[in-house]
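Colleague: I keep meeting words like "buried" and "salt bridge", and I'd like to know what earns each label. Can we go through some together?

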Amino acid sequence: MSKAVPASVQDSLLVRGVLIAIALCFLGLMLILPMALVLTQALGHGFTLYLDALRD
Amino acid sequence: MRASQLETPALTRHYFRRIAWRGHFRRESVLSGFGLTLGFTVFYLSLIVLIPLSATFLKAAEGGSANFWAAISAPRVIAAYRVTFVCALVAALINTVFGVLLAWVLVRYRFPGRRLCDALIDLPFALPTAVAGIALAAIYAPKGWVGQYASDWGIKIAFVPMGITIALIFIGIPFVVRTVQPVLESMDFACEEAATTLGANRWQSFRLVVLPALVLAVLTGFALAFARGIGEYGSVIFVAGNMPMVSEIAPLLIITKLEQYDYAGATAIAVAMLGISFAMLLTINLLQAWTRRAESQR
């Protein structure tokens, strides 16, 4: 766990907001979207079909 | 202290020099068992890395030098090298920028969902590459979630080199984040605070204090992401379109040759790729050594 950042070296609220927004956009587009697609494809036809596929 | 005490007698000086000289060649280590551990390291490295690599070289040499050159200099192969290395380079550069940003945000800022984002970074390691490739193809295809909006603007993402780059960004991002993150975490705030007291603004203290300390880790992350991108096969083939001369990567050509039982040709391409990758990684290593030396001199 990282240490708490002292206020004297913490970035301004605007910079923090912008950087977090960029980070979340990148994560959303590159990592969450593919995972969401995999999950919707796997579970899209109902959970029972998903279980049947696993049982084979 | 008097000046005469500072001067070492000639004999002592000679003796010290001999010890230094011997130490340089014998490398007497403080740790015991150096011979055994070195032996094991070399044995293990040979078993896992060197023997398969030398087998590749031997197989490539089987076909003769004329066939070797013919195999690695065919226009289709040259185009595949270009696609592979350019896409891997672009992806690694993008990953370097966003990887440092992600590491910075995850270490320095507190926001809801931070732990979840941190855990998500490792997803490309865990997801089978083929699944990633199919998912990316489905998202960026002209009828996919993102692809349909892109095709409205006349932009094609999947099945062109841009698709390859996106797959390599997906595959490479953990390498940069996970090499930069621990360095950022262990960094002392004192230097930045000192920079602030000297009148530096946040951007200056990031650029002049934090970034120089990160350079080694960033270079390592870049090299890892780049190397992974060059060899990546599973996720790329689904989203690349695999058009010869346009979006065909070199690893796919190797598979194609293997399927035609052209083992010498396949290994010839592999050897050429190894050579180029080795030259590039060597350059990065030299750059790292140079950075380290510049850092220790400051």
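**What earns each label**

Colleague: In chain B, B:Lys59 and B:Glu62 make a salt bridge, and their closest N and O atoms are 3.5 Å apart. What makes this pair a salt bridge?

Modeller: The term asks for a side-chain nitrogen of Lys or Arg within 4 Å of a carboxyl oxygen of Asp or Glu. This is a Lys with a Glu at 3.5 Å, so the pair fits the rule. In general, side chains of opposite charge can pair when their charged atoms come close. Before we go on: this is a predicted model, where local features need pLDDT of at least 70 and side-chain atom pairs count only at pLDDT 80 or more, while totals for chains, interfaces and linings use all residues. Residues are numbered from 1 along each chain as its sequence is written, chains are lettered from A and ligands numbered from 1 in the order in which they are written, and side-chain values use heavy atoms, with hydrogens and water left out.

Colleague: Why are B:Lys59 and B:Glu62 said to be about one helical turn apart?

Modeller: Because they sit 3 residues apart in helix α3 of chain B. Helices here are DSSP runs (H or I, at least four residues; strands are E, at least two), numbered from the N terminus.

Colleague: Which label does each partner get, buried, partly exposed or exposed?

Modeller: Buried means under 20% relative accessible area, exposed means over 50%, and partly exposed is in between (1.4 Å probe, protein chains only). B:Lys59 has 31%, so it is partly exposed. B:Glu62 has 57%, so it is exposed.

Colleague: And what makes B:Glu248 and B:Arg76 a salt bridge?

Modeller: The closest N and O atoms of B:Glu248 and B:Arg76 are 2.7 Å apart. B:Glu248 is in the loop between α13 (234-240) and α14 (250-259) of chain B and B:Arg76 is in helix α5 (residues 75-108), so the pair ties together parts that are 172 residues apart in sequence. B:Glu248 has a relative accessible area of 4%, so it is buried. B:Arg76, at 36%, counts as partly exposed.

Colleague: How do you know that B:Asp122 and B:Arg178 form a salt bridge?

Modeller: Same kind of check: their closest N and O atoms are 3.1 Å apart. This pair links distant parts of the chain, 56 residues apart, with B:Asp122 in the loop between α6 (114-120) and α7 (123-126) of chain B and B:Arg178 in helix α10. B:Asp122 is partly exposed at 31%, and B:Arg178 is partly exposed at 25%. Elsewhere, salt bridges that share partners join A:Asp11, B:Arg108, B:Glu192 and B:Arg202 into one network. Over all chains, a search of the whole structure finds 9 salt bridges.

Colleague: Why are α1(A) and α10(B) called roughly perpendicular?

Modeller: Two packed helices are described by the angle between their axes and the distance between the axes. Axes are lines fitted to C-alpha atoms, for helices over the stretch in contact, with angles from 0 to 180 degrees between N-to-C directions. Under 35 degrees counts as roughly parallel, over 145 as roughly antiparallel, 65 to 115 as roughly perpendicular and the rest as oblique. Helix α1 (residues 13-43) of chain A and helix α10 (residues 161-185) of chain B cross at roughly 90 degrees, and their axes come within 11 Å. That is why they count as roughly perpendicular.

Colleague: Which residues meet there?

Modeller: From α1(A), A:Phe26, A:Met30, A:Leu31 and A:Pro34; from α10(B), B:Ile166, B:Ile169, B:Phe170 and B:Ile173.

Colleague: B:Thr165 is in helix α10 of chain B. What makes B:Thr165 buried?

Modeller: Its relative accessibility is 11%, so it counts as buried. Contact means heavy atoms within 4.5 Å. Leaving aside neighbours within four places in sequence, B:Thr165 is in contact with B:Cys87, B:Val90 and B:Ala91.

Colleague: Is B:Ala223 buried or exposed?

Modeller: B:Ala223 has 12%, so it is buried. Its place is in helix α12 (residues 202-231) of chain B. With the same neighbours left aside, B:Ala223 is in contact with B:Leu281 and B:Ile284.

Colleague: What about B:Phe43, in helix α3 of chain B: why does it count as partly exposed?

Modeller: Because its relative accessibility is 49%.
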